[in-house]
Every structure is written in C-alpha cells, then in structure tokens.
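The exercises below concern salt bridges, helix packing and surface exposure in one protein model. Please examine the sequence and the coordinates before turning to the solutions.

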Amino acid sequence: MAVTALTIGLLFGALLLSAAKSDQAAIQRQQGLLNLVVGNLEEEVAHNQESATVWDDAVVEVRQRNSEWMASNLGEWMHSYFRHDAALVLNASDGLVYEFIAEPSTSASGAEIAELAKPLVERLRQRLAAGETATGTTILSIGESDLLDLNGRAAIVSVKPIVSDTGEIEQAPGTENLHIAVRYLDGVLLSELGRNYQFQDLAFARSSTLAADVSRVPLRAKSGELIGYFQWQPFTPGASVIKSVYPVILLVGGSALLLMSFLGHAIWRRSQSLAESQQDLRQLAMHDPLTGLANRTTFHAALSERLEKATVENNVSVMFVDLDHFKEVNDTFGHPVGDILIKEVANRLLELGSSALVSRIGGDEFTLIQEAGDLADVERLAEEIIALLRLPFQIDGRLITIGASIGLSFSAPGLEASEITRRADIALYHAKAAGRNTFAVFGNHMEEVLRRRRALESDLAAALETGTQLAVHFQPVYSAQNGRVSSMEALCRWTHPTFGEISPDVFVPIAEQCGLIQKLGLYVLEEACSLLSEVPDGDLGMSVNASAVELMSSGYALRVLTMLAKYGLQPTRLEIEITESVATDTNGKTAAAIRDLRKAGVRFAVDDFGKGNSSFGQLLKLDVDRIKIDKIFVDQIHQGGGMPLIEAIVQMARHKGLKTTAEGIETADQRLALTSLGCDHLQGFELSKPLSRVSTIHLMSGPDSRMERTVL
C-alpha cells in the first residue's frame, strides 16, 4: 500500500508540474499572439487610411470642404468597409472641418478626439514640415499612431496626411489636411479577435482583475501610460488533462505503470493539439483563408527577401494577374459561386506557376514572384496563364468563362519592392486598356501614357459636366435606289484644348472604364433627338451608337423611351447601332433591353459588320433590323475577294429580312458597285462628310429639301 501510495503521489506531483508548465507555456503564447495582433491592428488602421488619403481627389475635395464627398469616402466608407469607429479631418491650422462618429452615445466627440490626439498631430506636422517621406514597401505616406484613452475607452488612433497620389498637386510641407482614424479596442472588435484567434471570453478592463484563472495583457501608449488590459480565459491544456484523468487515477491507482503510460500519452496528445493550434494561427496570419495561397503580407515579405538576393544575371519578376469580368460572375451567380471560381483560379495558377510564389492580394487579384533569368520564359508563362484562365470553369453545372489581364515588371539595381509592384500595377493597367486577355511588360513610356490617360478621364468628366468641348455631328445616309437622304447618324466629336481632336476610339473606351459611358450616351441621344424635333421631315430617321456597357446598365431602355417622349418623337424614327460583342452577354441584360425597345418600335442595327470577331453565327443571336457593312470590305471591293464577300453578306441579310448599309464609301466606283450588289443604303465621304448641327438643319429644311438631299 505504501509503495502504491508513493507511486500515486509521485505520479500526481509529476502530472501537476507538467500541467502547470504546459498551461504557462500556452498562456505565454497567447499573450505574445495578442500583443502581435494589437501591433498589426495599429498598422492595419494606418494602411486602411491610405486607400483614401493618398488620392488626388481627396486633396481637391477636402480643400473644397465637400462634406458629402468626405462623408462618402473619408468617414462612412471607412466605417462600413474597415469598421473604423470614428474619422476626423483637420485643416492646415488643425481646425476640425469634418467628423464622423459611428456611435455618438458611447464614443468621444470629434472635438475630444482632436484634443487627445493633439500630440500625434503636432509630431506629424513637424515631420511633414521637415520634408520627411514614407519609406518601405507598403507605406505610401508617413503618419503617427498610438494607443489612447478616449474618455474611458482604449482606442487605436492613427493620423495621416491627405496627399496626392500622382504628385501633380503641390502642397507646402506641414500644411496638409490631416485624417484621423479611430478603432476602439472593445465591442465588435473583441468579438472578432476572440473568434478569429480563439480567445475565450475576451474583454477589455480599465484595471486588472484579481481572479487567478484570468490571463491578461496590459495595453500601454508609446509614452508608457497604462490604458487598460485585455483579459480572457486562457487555454489551459494541462488543467484539462488533470480534470479528465483525475477519476481514472483514483480508480486505477494500483496500476501505476499503466496509469503513467496513459497520462504520458494524454499529455503528448494535448501538446500536439496546442502545436496544431499555433500552426493554424500562423497559417491564418500569413495565408489567404479562401484559397490557402500566400496573402499580401507574405507576398511583400517574400519579394523583399528575394530582392536582397537578386543579381544582374538572376533578376526577380513580379506578375500581377487580374481576372476579367469577375464582377459580372458575382452579380449574376452570387458570391458563393464567385468564391468557388476564385479557388479554381488559384488551383490553375499553382498548376502553371509551380516554381513561383503564388499569392492572392485582393478579391480577384493574384501575384506571382519568380526568378527571371530569361524574359522569354516569363512572357511564355504569362501567355500560358491567359490561355488557361480563358478555358471555361464548370461550377455547379454551369460553364463560366472569364479571362485575365497580366502586368509584368522586373527587378533592377536599386529598385525597392514597392517600386517593382507599382510598375507591375501600371503594366496591368495597360494590359486592360489594350483590350484585356493579354499581358504587358512595364516600360518607361507607360507612366507618361498613364498620366495622359488619367488627365483625359478627368477632362472628359469636366467636358460632360460643363457641356463644352464635345459636339455631335450628323452624317447623312442615302438611299441607294433614289439617292435621297433616308436618315442621319449622330457622331460625337471631342476637341480637347491641349491635345486637339480626340478620336472616339480613344475616349469611348475611357468613358466605359471610368463610368461615364451612360452620361456620354445620354448626351449624344439628347442632341440627336433635339435635332430630329427641329427637322420638318417626319420620315427622317436618326441612328445613335450604344456600347455593350450601356445596354447592360439598368434602366437603359427606360432612359431612351423617356428621351423620345421628351421631344415628342415616334420610337420608329430612332435606330440604335450596336456591335456584335453584345451577343456574348451571358446574363441576358442586353437581350432584355433590345427586346423592350424593339417592342416599343425602336430599330437596331449591327455596326462594323465584318470587323474583328464578326461572324454570321454571332448575327443569328441578335434581334436587329439592319447590318452595316464595315469599311474594310468596301475598301477591298475592287480587289480579289472583296466583291463576292459583300454580295454574300447582302444575300444573307436579305434571307434574314434585314436591310444593309455600306459605310465608308470614298469613291464613285465604290458607290456604283455597292448599288449594283443590292445594298439598300450608302454612307461615306463620297456622299457627305459629317455635318454640324446648323448645316444639318439647313440641309433638311431648305426650300426644296427633297432635291437638295438627292446626290446620286
């Protein structure tokens, strides 16, 4: 009995000691993790601010004290997107010009926050006045942040200057407007931390509790001032072991060897569970939870590390991959299908880029880092990625087709990670501008092209707002049978004060990409309708061009019919010219718009038929009234194969009951040949160039207008 009692006593002593050490180690790990999380939160708040504070628009709108804009971009948006609890904007004299408080009843006021953050503001002003700039791979602007006591609540307070992202807006150092972001370390944040990092009963306390079973971490400002404590029920694997095996030890005390073996195995299992939990936490901090790929943090760390090892012979390449039309997939099929698609894309990238570090840094944005000894190898990989991502994805019984645009940049002596990623981003922009589903390698000329593109975007918005620089001209379309004007085509022209005449091939894609296409299309439509209302000939038709982006926008059909009603015009007098690309719309929005307008009497024509990817197969998918034969065929009418092709198009159109218009006619021989082939209508410089509004009204309203409009 004595030996048994001694064995049990020794066993209990060893077990208690082991449990205590295991519990202490677990608590220390949790304390270290929580300190790391708080530090990362402070950096995250500052990083989140830069999404809106490093921005030309922010500098301009804050200068103009545009409260609505500041609320949408610097206050309410920060709260809804990043869950910031408060946001302030200070002027050059540190006066409060805007404030947003998410929960005014429980939070400090804007004036109180500004007063408590005053030391941070003063330090930042001094650094800005001294000309200090941001360094590193991810920081775009300098700032000041700290943990502060805001009327009894601990909070992360970060101050950032509102500066230009292009560098084109100059501000005197130290006079910049400042943005203050606040994230309270309680409430919703505590729930998120507890859930994401497995802290049980995580809470904030002003003073430390005396309970022995509670673990705590002090929160201190950079000055050393104690703000409060994070407290939680610690993870104690050792105590769990004691609780689970205590009855067993009492019951089987006579089997000391067996009991020790059991306890040793139990302790090993608990230790393994703890190690796996720690591994899961590290995985969560360094990898994307949806795909398991490296996240933005890991990407920047890996890029910096590889750049340190790069040589002239062995460069590093960075590849930005952005999915084309991913938003349409989310809008059409829902976010669950979008998430599955992202996973499938990640698998395909891992399959091709096995030697590269593949990361996901945003919703539909991926990056690859790899050795770049040979430029041709990297370009070949980019081509393979584009080809692979264009193949359909089968998800829940659906075939979904997207694409990808890729930007490439390469390391060079003296280039930091932030500069290389910026260059890859610029190259990606050019790849998208080139028509998507392609890649671009960064070149020095791209920055100038990008600056001009941004200038054109801004100038086009201003031109539409003021109604200057833009004008609509009208080119007559003639009947091939009697030579009289049957309709007019409205053509938009942009005369830029600096760059001169800007081609529609340039400014229409810009309008589509920066969200101005609906406004531009409405401007042209109103000019066309107002001219029709002034022309006495009630049979004269008018055609306007509409892009696929316009047709897919909600309410397009209603806007067109409203405009016709405004000027008292019959819908049958309007013809909308579309391209065959609208046939690729998989969600049916364009088909619905065409169907509604045709039901009202509006006619449709396929513009530039025969150009690019045009085909008879695509035409069969479109419900239209007319096809316009592209100028490329008209130019080749007297060359080998040109005339038979036009004849085939005309015959096909007649078979479908469609009218035909030949555009781009420049010679009398072309006019005669197209008339003989049976084209219904003709258009081109040989007949008439586009006319100004005044000239068009004169042409259609002359004393003998029917004869004046006869040219054949």
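Four exercises follow, each with a worked solution, and the model they refer to is predicted.

**Exercise 1. Salt bridges across the chain**

Task: Determine which elements are linked by the salt bridge between Glu 144 and Arg 127, and classify the exposure of both residues.

Solution:
- Step 1. Side chains of opposite charge can pair when their charged atoms come close.
- Step 2. A search of the whole structure yields 28 salt bridges. One of the pairs is Glu 144 with Arg 127, where the closest N and O atoms are 2.8 Å apart.
- Step 3. Glu 144 belongs to strand S3 (residues 144-150) and Arg 127 to helix H5 (residues 118-129); the two are 17 residues apart, and the pair links distant parts of the chain.
- Step 4. Buried means under 20% relative accessible area. Glu 144 has a relative accessibility of 11% and therefore counts as buried. Arg 127 has 22% and is therefore partly exposed.

**Exercise 2. A local pair and a long-range pair**

Task: Contrast the sequence separation and the exposure of the pairs Asp 377 with Arg 380 and Glu 489 with Lys 628.

Solution:
- Step 1. In the salt bridge of Asp 377 with Arg 380, the closest N and O atoms are 2.7 Å apart. Both residues are located in helix H12 (residues 375-390), at a separation of 3 residues, about one turn of the helix.
- Step 2. Asp 377 is partly exposed, at 38% relative accessibility, and Arg 380 is likewise partly exposed, at 41%.
- Step 3. For Glu 489 and Lys 628, the closest N and O atoms of the salt bridge are 3.0 Å apart. Glu 489 is in strand S17 (residues 485-496) and Lys 628 in strand S22 (residues 626-629), so this salt bridge ties together parts that are 139 residues apart in sequence.
- Step 4. Glu 489 and Lys 628 are both buried.
- Step 5. Salt bridges with shared partners also join Arg 123, Arg 127, Glu 132 and Glu 144 into one network.

**Exercise 3. Two helix pairs**

Task: Classify the orientation and the handedness of the pairs H2 with H3 and H16 with H24.

Solution:
- Step 1. The axes of helix H2 (residues 56-63) and helix H3 (residues 67-82) come within 9 Å and cross at roughly 140°.
- Step 2. Angles over 145 degrees would count as roughly antiparallel. H2 and H3 are therefore oblique to each other, and their crossing is left-handed.
- Step 3. Helix H16 (residues 517-534) packs against helix H24 (residues 693-700) at an angle of about 30°, with the axes 10 Å apart.
- Step 4. Angles under 35 degrees count as roughly parallel. H16 is therefore roughly parallel to H24; the crossing of H16 and H24 is right-handed.

**Exercise 4. Buried and exposed positions**

Task: Identify the buried residues of helix H6 and the members of the nonpolar surface patch that includes Leu 251.

Solution:
- Step 1. In helix H6 (residues 188-197), the buried residues are Leu 189, Leu 190, Glu 192, Leu 193, Gly 194 and Tyr 197.
- Step 2. Gln 198 follows H6 and has a positive phi, near 60°.
- Step 3. The nonpolar patch on the surface is formed by Val 248, Leu 251, Val 252 and Phe 262, which together have about 350 Å² of accessible area.
- Step 4. Leu 251 is placed in helix H7 (residues 237-251). With a relative accessible area of 73%, Leu 251 is exposed.

Key:
Residues are numbered from 1 along each chain as its sequence is written. This is a predicted model: local features need pLDDT of at least 70, side-chain atom pairs count only at pLDDT 80 or more; totals for chains, interfaces and linings use all residues. Side-chain values use heavy atoms; hydrogens and water are left out. Patches are made of residues with over 30% relative accessible area and no salt bridge: like charges are joined within 9 Å, nonpolar side chains (Val, Leu, Ile, Met, Phe, Trp, Tyr) within 5 Å. Accessible areas come from the Shrake-Rupley method with a 1.4 Å probe; for residues, only the protein chains shown count as cover. A salt bridge is a side-chain nitrogen of Lys or Arg within 4 Å of a carboxyl oxygen of Asp or Glu. Helices (H or I, at least four residues) and strands (E, at least two) are DSSP runs, numbered from the N terminus. Buried means under 20% relative accessible area, exposed over 50%, partly exposed in between (1.4 Å probe, protein chains only). Axes are lines fitted to C-alpha atoms, for helices over the stretch in contact, and angles run from 0 to 180 degrees between N-to-C directions. Angles under 35 degrees count as roughly parallel, over 145 as roughly antiparallel, 65 to 115 as roughly perpendicular and the rest as oblique. A crossing is left-handed if the near helix is turned anticlockwise from the far one by less than a right angle, and right-handed if clockwise.
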